[in-house]
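Let's work through a few exercises on how helices pack together. Grab the viewer and try each task before you read its solution.

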Amino acid sequence: ELARELDILVDLSSQALERQVQSRMITSEIKDIPTFRSLIPSLVVHGQHIPQQALLHLQLELDRVLVSCQACASTLKQFSEQNWTMSDSLLDACGPEDVRGRALAKEKRGLSDLQ
């Protein structure tokens with residue numbers, strides 16, 4: 001879910017930046033044409049100010065998503081450490097003939113590696 005949200009936010013940021021660049025290019029091309037000069041204020045608002053506001057909002061949302069990713073990574077690290085410790089405890093407690101205990105310990109170790 002966080003990865004999908006991050007992709008969407010990055011895509012929207014890219015679109016806003018592209019809109020700003022296009023607006024600046026169009027504004028510089030029409031500034032010397034008297035007929036189109038009246039469009040410049042509208043281009044500035046819709047092509048620069050609004051995308052800038054969108055970028056500020058997107059930055060806040062990106063910060064929120066990245067904080068959530070950090071929290072998720074921290075939780076996964078804790079789970080990994082717990083599974084590793086449990087695996088070690090199971091291996092210490094199981095005898096060589098305890099096949100199920102050793103299988104569970106290997107499963108916990110694999111899960112720890114995955115996390």
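**Helix packing exercises**

The crossing of helix α1 and helix α2 is left-handed. Keep in mind that you're looking at a predicted model.

**Exercise 1.** Work out how α1 and α2 run relative to each other, and what kinds of residues make up their contact.

*Solution.* Start with the axes: those of α1 (residues 2-30) and α2 come within 9 Å and cross at roughly 160°. Angles over 145 degrees count as roughly antiparallel, so α1 is roughly antiparallel to α2. Now sort the contact of α1 with α2 by class: you get 18 nonpolar, 9 polar and 5 charged residues.

**Exercise 2.** Do the same for α2 and α3, and find residues where they meet.

*Solution.* The axes of α2 (residues 40-93) and α3 (residues 99-114) come within 8 Å, crossing at roughly 160°. That makes α2 roughly antiparallel to α3. Their crossing is left-handed. Next, look at the residues that touch: on the α2 side they include Trp84, Met86 and Leu90, and on the α3 side Leu104, Ala105 and Arg109 are among them. By class, this contact of α2 with α3 has 7 nonpolar, 5 polar and 5 charged residues.

**Exercise 3.** Find what sits over the ring of Trp84, then look for aromatic pairs.

*Solution.* Zoom in on Trp84: the charged end of Arg109 sits over its ring, 3.8 Å from the ring's centre. As for aromatic pairs, searching the whole structure turns up 0.

Conventions
Residues numbered from 1 in each chain as written. Predicted model: local features only at pLDDT ≥ 70, side-chain atom pairs only at ≥ 80, totals over all residues. Heavy atoms only, no water. Axes fitted to C-alpha atoms, helices over the stretch in contact; angles between N-to-C directions. Helix = DSSP H or I, 4+ residues; strand = E, 2+ residues; numbered from the N terminus. Parallel < 35°, antiparallel > 145°, perpendicular 65-115°, else oblique. Left-handed = near helix turned anticlockwise from the far one by under 90°. Contact = heavy atoms within 4.5 Å. Nonpolar A, V, L, I, M, F, W, Y, C, P; charged D, E, K, R; others polar. Phe/Tyr/Trp six-rings, centres within 6.5 Å; stacked < 30°, edge-to-face > 60°. Lys NZ or Arg CZ within 6 Å of the ring centre and 35° of its normal.
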